[in-house]
Amino acid sequence: MKKKLTFLRYYLKLTLRMKLTILALCLFVLQVAASITTRGQNFDLQVKNQNLKEVLKEIENKTTYRFFYNDAVLDLNKLVSLNLNNKNIQQVLDELLTNSDASFKILNNNLIVIAPALELQQINVKGTVTDATNGEPLIGVSVKVEGTTNGAITDASGKFSLVVAPNSVISFSFLGYNTELLTVTVETTKLDVKLIPDVKRLEEVVVIGYGTQKKSDLTGAVASVKSDALKNLATSDAAAALQGKAAGVQVLSNSGAPGQGATIRVRGYSSNSDQIGPLLIVDGLKVDNIQYLNPQMIESVEILKDAASAAIYGAAAGNGVVLITTKSGTKGASSISYDLSVSQQRLGKVPKIFQAADFIAYKKMSGYDMDATLKANGYDGTDTNWFDVVFDPGVVQQHTITFQGGNDQGHFFTSLSYLNNDGIVQGNKDVYKRLTAQLNGDYNIKKWLTIGSNNSIEKWETKSVSQMSAYGSVMNSVLTIDPLTPVYYDDPSQFAPSLKQAYDQGKNILKNPANGRYYATSKYVTDDSGNPLLQRDRIDSKNSGISLRGIMFGNLKPVKGLVVTSRFGYRVALSNSHSYNTPYFATSQANSTDYNISATANTSYYYQWENFANYNLTLFGKHNITAMVGMSYQEDISDNVNGTGTGPDILTGYDSNFQYLNYVKSNMVKDPVTGVSTEKTTKTFSNLPSLSTSMAYFGRLIYSYDNRYAIQANFRADAFDASKLSAKNRWGYFPSFSAGWTVSNEKLFSGNVSRNIMSFLKLRGSWGQNGNINVLNGYKYNTTIAYNDSWYQFGVDNPAASYGSHPSGLANPKLKWETSTQTDFAVDMRFLNDRLSFTADYYYKKTEDLLVTIAPTPELGFGSAVVNAGSVLNKGFEFEASWKHKIGDFSYSIGANLATLHNEVTYLDPSIPRLTGGAGGVAGTNNPIYTAFEVGKPIWYFRGYKFLGTDDATGKPIIQDTNKDGTISNGDMTYIGKAIPDYTYGITVNLAYKGFDLNIFGSGVGGNEIFTVLYRADTPMRNSLKYFYDNAWTPSNTGAKMPDPKAVAGDWTFWGSDAAQFRGDYFKIKQIQLGYTVPEKFTKKVLISRLRCYVSLDDYFTITNYPGCDPETATVSTAVDRNGFDAGTYPQSKKVTFGLNITF
Amino acid sequence: MKKFKNIFLLLFSSVLLFAACSEDALEIPQKGVIPVESFYITDADAQSALVDAYKDLSSNVGGSVGNYNADDILFNYEADNMLAAGERYGDNDYLAAINEFRFDADNEVVGNAYKRLYFVIYHSNLVIDNFKYGVSPVKDRCISEARVIRAWCHMMAAMAWGTPPLVEHVLTADAKPENYKGTHEELLRWCAKECEEAAAYIPERVNTSDKDGSVRVTKGFALTVQGKALLYAGDYAAAKIPLKAVISSNKYALVPGARWRDLFHVEGDGCEEKVLEMNLVYSSSLSLTFRTTFQEANLWGWRTDRLVSKPVDQGVNGWGGVAVEETFANEFYAHDGDSYRRKATMVSYNEFITELRWTTDNTKTTTALKLTDPGRGIKTAQGLYGQCGFLQKKRITSTEDLQGKTYGFNNYIIERYADVLLMYAEACAQTNDADGLKSLQDVQSRSGSGKISTTLTLADVKMERNYELWMEGARWIDMKRWGELDKAKNAGKHIPTLMDAFNGNETGVKEAQHRGYVTYSEPNTGKTIGFVAGKHEYFPYPAPVIRTNPILKQNPGWQ
């Protein structure tokens, strides 16, 4: 009895909530047993004015029943009188507790609890659990009373029924959905619950290459981006859609021009070569780009970041793997949907360049006699804003119609999408049109066989304007042409002198066909590209093509747990390009006396055949083994034919219907001096089919124990054809290992840490090796005779050539591919019942055996030789965090990711202090700046002069005498900056209230530099950044940052210094989208199950200190050693988008 | 039955899984090449290998791969008779750095010049190493021509770097060549000896009209190189013998004065005076890019954007990268007056306005009209930087040279007969042999200067070489040989700019007529410039070469 009291005292100290819990626990633990206890002890009870406590004692004495009660609740001193005969305990207690607040409950072992009536009440709760997104019933949802074993499972129609105590907390948990917790009150009778699917859920399945894996079992670093994050984006490019979505995945857009695909970098920059893009796999098919893929058609994108995950792709995976899964039909819900988006796009960030008044003032400060020059040129006050002239708003339209459906036997998904993007350059010279169809289907033909096929058909067409070059580029010209020049001249008397001279000589001076006016060329900048509109119009070129991509597969299931897949993948690409341009004269640099016409036809086809088997075995409930073995064969064939005609008179006619190679004619012209007739029409043709093949064997073994420990090993053996490696060296072997420990599944953890605090904790680590084979091609290891490759003319009056032959190069039979070895450590955590999740990765990736082109000592006879002699280290942290919450009808989520990158060259052939690339930014600028690849520095850093400041007394620039030799020369060039950001990040915010949703998404980079090569010390009349004027030293502003313009007007050293370099940090709000979903009750009437409309601002806000145009596109070039130079790139446009998503 | 199905499926799966393709699929033959073992066998192969050596000489020495013709710049831009010019200070700076002695061992021009000479040597060695004498006359000749080309390259390398490596064979990939072990003079004698031996197998030019005999190595060229190498080695007596043999062969002749200008243009290709030049004939079916570029033609042209318009005599617009040094110009003018030679080498500003053809010539028909014509001459008050009262004309690419393209097709001269005559005259003068007087007189009388030496003096020969061979790669070597390099010690100090008083004179007044005058600037103030004794006698071995091959010893003053 003493013991009992102790328990009661303890019980009393507990809080009400906990009491309830314990009580409920007792009730339910004991109730189950009670049902099997024989009750039937009838007894007599006669008491008179005895207090309740004594009466209960007496019952205990008479029977085997024992009581639990709470003194505070029960008035034990209450006096009662009873006279009962042969009554059972139920009857006795009913009588005893009449007119009392207390009630009782008889438990097993004849224990009886007496408590307030409310506490002992039982509620029968019934309800239905449905999917919050589509309202479909969820079968098998676990419905549990928190802290008890009391629970139920929903039935085939999503219904459940449960008897609970009032104020119990019921949890609804289901694989792939957020767990809901609801408190039941006395009034509760019906509990209909909508579960929200959880995109980052533990049991989520991810694609890992030749198989799938539960996300909880992952031991490698795999970033996963689901369809929700990819829908309704302004971009039509699957690669661009990934920007800012995953840590460690950097998306680079080198141009905002229509149809320009973005490129992806996974975990840094591993090579001195351009071949550092990840392997791209769509539904198992290796593809060369993913620009064709409408992001709307993507179900998920998995990025295999660490070596262990990517190792299954071996020699092709050194730069990561991007696995894309396109949508398949949803089971049970056939639907038709239509998505529309219409954007108006316009120039986003406008660079700060000169307008006329400042331009003239600056050139005067630079020491030029502008008054005389202006007078000589008859300057009339023209002030042209070339950005206004060149750019005007364009429209992007995208229509997508999708049909999908599925049942237990199979799925069907087909989608047709049309895109028309008219860029922001005036006119229709920058256009991208694309029509794509996606056809996905699978069917369970037999219990043991599923077959399926995914196919994509793409028809595309692009027209583009020139950029990223010094001469003849529209984008360079718009930035560098002076504001003093008008857009057009009406009369040759207005012409610049060289133009007038050319006009007088009868050369072709181009007019704008639209208005019949001559394109003006500058009288100040006389040797550059001329007028940007002329550069736009002088060439007519068009690229178009059709591509087919797809797979066909069969999954054989001969025995339980074994799936054998045979998969055939194919790509067919047909493309044509046509170009035609007429003779023209703009400046001494930009002119041509010839017509030029060319046509190219490309055909390429690729196929792969892969067979692999996955076997899954569970032993004794806790041991799980997954094994995979397979093989792959790939063949890539391309064939192209190109023809050109060049000369002063090449066509039989010049109307547009003659502008084809068929009408190229001969043009024999007799030399007036020698009397010899020569052919003036040059015709060229080229064709070189190519074939490459490769084969591989691979395997994987995963073992996991009790959802706590998992280890994984991958292995791949790859062999490539003779164009890459000799027969002796062609096989490469790539191993990897990884392991994971789910700490939160340890009893010690789950028993002590509440899910409400930390719901998940996992540690993982991996090690592996991959290769980069793309750097090897063209039989580099081999020396042959380049037969009849050179020529010399032995006749002074005879153009006939004699041909010569020579060794093709310095052979290096030891060549091998680049190998990356990567180690990854990570922790995955979730807190507050999964509301907050956090993942941190650290990786250390060393790439060795880089192919380095060295200059052998010249006496060997070759300017270059290729050796494996370089290493690059990439290391960094990746963080991803997300927070999700729902307050009533208001739900919101915030996701953020951040990746840091330390990139460093760790080894280079000792014979070379550094590799040099990217001289002058782009060819022809004469700027001494170049990029270099050197030990201890980031790859392709900017090597230039170090600008220390301006001499306050003289206004002259102070340049660092790095080698301390007393003069400033080449030897003083040093590290001044780099194009690779130190960190990249992305932030996504989703808000929803009733039918409204608001999505904000931004991404940014930091720690990188941009070097502008717009100003030229040899042609200082170009326009350039006003920054140098605003910050210029003058006798009255001696503390200025920048020197006296006069001191540096022709000083290449200054313009090749970091004075012309700016921080490239930017943050772009890529999207602010406000959507409204019309309530179903309205739309249902017109057979629409879902109607959402939205407005969106895309790429609208750029936060940066960069004074030039778009820091994002300026940061990236077509070649890795030219990154970070701004020589005029097509900027990303800002867009206002209206869109509709309709599902029938 | 079910069991049977399972077995069947398992078997079928296994077949799929192990359906490995044969490795034969990986054997893809390379296109457009033949195995090394099947080449260097026949006479045709020998000729093909030799053509390749000519192509290499043509592109690496007589061509302009990239932005500049390194050989042309290296052997001209340190001479005291020219200036690097351009739009203004800092323009064409890679040239000015050499001209003003403010470059270092990383200078690209120096690196390229070194590299290219050795590339030609390698391609010559491919012929020499892969074939043997005595197998066939074709092979003998091919080997011998290659040996002369190789000797010429070594001679030029020796003049630039002193004792650079002697590379007699194709080297293995791990070779680290060292400096020539002997003296500079011994290396030059090796060159002479090579030519002497090879000359025996090489045919003579047929006659003075044999144009094709001037675009490949002949006996005459071999002997010329032999003589030149010996002259450069200071062995004047020995030098006279091969040089005299060339003169006595009568296969070469000076062109008449009236055609002196043509020597440097397409009209003079293969003429009687050419001993060896790199040939180039326009052909629509050949890719010509390795030989001559747009930049080359632009570099030598007058700075067009500073002129009212491009003179008709200039084929392409120019960047004005070369100028005549003022003291030299005045001396030359005083010596030659209005000779054919002077007028084809340089023109006064007055001649530039009145004697050159301009687009306004049809209306401006008289000198007076031309002098007041705003349609010609310097356009702006900025003038022509680097130019003095005389503008160079010798290296201008003419409209004819262009052959309708944007770059020149005139042949690149390696050796012409006037140099042979002057070398012989010098060797005689050095050895008190009056036989050389006629050679000197031939050059003098052809020039049209009116000055004819009556006795053979070294001073007259020196003067004549300076005027005759301006910007032909002779002057800097001559200065070095004669110990006169300190004449370049003030290089870069006092830079002229040619102004036209028509745009404003010295006091800012615009005069009614074109009149050239010169202003000066000191843009290099504070910088170390000019010839430095003990350093600039030789060029530095290119820094990248030294880094790759530390065995190679750097020249004095450049370490």
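Visitor: How many bridges join strand E42 of chain A to E1(B), and how do the two strands run?
Guide: In this predicted model, E42 covers residues 785–792 of chain A. E42 pairs across the chains with E1(B). The bridges joining them number two, and the strands run antiparallel.

Visitor: Which residue in E1(B) is the bridge partner of Ile785(A)?
Guide: Ile785(A) falls in E42, which covers residues 785–792 of chain A. On the side of chain B the partner belongs to E1(B). That bridge partner is Ile34(B).

Visitor: What area is buried between chain B and chain A?
Guide: The size of an interface is often given as the accessible area lost when the parts come together. Here 93 residues of chain B are in contact with 91 residues of chain A. Carbon and sulfur atoms give 61% of the buried area. The total buried between the two chains is about 7700 Å².

Visitor: Which helix gives the most to the side of chain B that touches chain A?
Guide: Between the two chains there are 22 residue pairs in polar contact, both residues at pLDDT 80 or more. Elements of chain B that each supply at least two residues to this side include H1 (2–17), H2 (43–60), H5 (108–130) and strand E3 (274–278). With eight residues, the one that gives the most is H1(B).

Visitor: How many nonpolar, polar and charged residues does the side of chain B that touches chain A have?
Guide: The residues of chain B in contact with chain A number 93. Sorted by class, this side has 22 charged and 26 polar residues. Its nonpolar residues number 45.

Visitor: Which residue of chain B forms a salt bridge with Arg730(A)?
Guide: The count of salt bridges between chain B and chain A is three. In one of them, the closest N and O atoms are 3.1 Å apart, with Arg730(A) on the side of chain A. Arg730(A) lies in the loop between E39 and E40 of chain A and its partner in the loop between H1 and E1 of chain B, so the pair joins two chains. The partner is Glu23(B).

Visitor: Is Glu23(B) buried, partly exposed or exposed?
Guide: Its partner Arg730(A) is buried, with a relative accessible area of 2%. For Glu23(B) the relative accessibility is 33%. Since buried means under 20% and exposed over 50%, Glu23(B) counts as partly exposed.

Visitor: How many residues apart in sequence are the parts that Asp841(A) and Arg267(A) tie together?
Guide: The side chains of Asp841(A) and Arg267(A) meet in a salt bridge, 3.5 Å from N to O. Asp841(A) lies in strand E45 and Arg267(A) in the loop between E17 and E18 of chain A, so the parts tied together are apart in sequence by 574 residues.

Visitor: Are Asp841(A) and Arg267(A) buried or exposed?
Guide: The relative accessibility of Asp841(A) is 5%, and that of Arg267(A) is 2%. The cut-off for buried is under 20%. Both Asp841(A) and Arg267(A) therefore count as buried.

Visitor: Which residue forms a salt bridge with Asp373(B)?
Guide: Asp373(B) is buried, with a relative accessible area of 2%. The residue paired with Asp373(B) is in chain B too, and the closest N and O atoms are 2.9 Å apart. At 0% relative accessibility, the partner also counts as buried. This partner is Arg376(B).

Visitor: Which side chain makes a polar contact with the side chain of Thr646(A)?
Guide: Thr646(A) lies in strand E34, residues 623–647 of chain A. Leaving aside neighbours within four places in sequence, Thr646(A) is in contact with residues including Asp594(A), Tyr595(A), Lys680(A) and Thr682(A). The polar contact has a distance of 3.3 Å, and the side chain making it belongs to Asn596(A).

Visitor: What phi does Asp706(A) have?
Guide: Asp706(A) is found in the loop between E38 (690–705) and E39 (709–720) of chain A. At 21% relative accessibility, Asp706(A) counts as partly exposed. Although Asp706(A) is not a glycine, its phi is positive, at about 55°.

Visitor: Is Tyr779(A) buried or exposed?
Guide: Tyr779(A) has a positive phi of about 55° although it is not a glycine. Tyr779(A) is found in the loop between E41 (758–772) and E42 of chain A. Its relative accessibility is 11%, so Tyr779(A) counts as buried.

Methods:
Residues are numbered from 1 along each chain as its sequence is written. Chains are lettered from A and ligands numbered from 1 in the order in which they are written. This is a predicted model: local features need pLDDT of at least 70, side-chain atom pairs count only at pLDDT 80 or more; totals for chains, interfaces and linings use all residues. Side-chain values use heavy atoms; hydrogens and water are left out. Contact means heavy atoms within 4.5 Å. Buried area is the accessible area (1.4 Å probe) that two parts lose on being put together, summed over both. A salt bridge is a side-chain nitrogen of Lys or Arg within 4 Å of a carboxyl oxygen of Asp or Glu. A polar contact is a pair of N or O atoms within 3.5 Å; within protein, one must be able to donate a hydrogen and the other to accept it, and residues adjacent in sequence count only if both atoms are side-chain atoms. Helices (H or I, at least four residues) and strands (E, at least two) are DSSP runs, numbered from the N terminus. Ala, Val, Leu, Ile, Met, Phe, Trp, Tyr, Cys and Pro count as nonpolar, Asp, Glu, Lys and Arg as charged, and the others, Gly among them, as polar. Two strands pair if DSSP finds at least two bridges between them. Buried means under 20% relative accessible area, exposed over 50%, partly exposed in between (1.4 Å probe, protein chains only).
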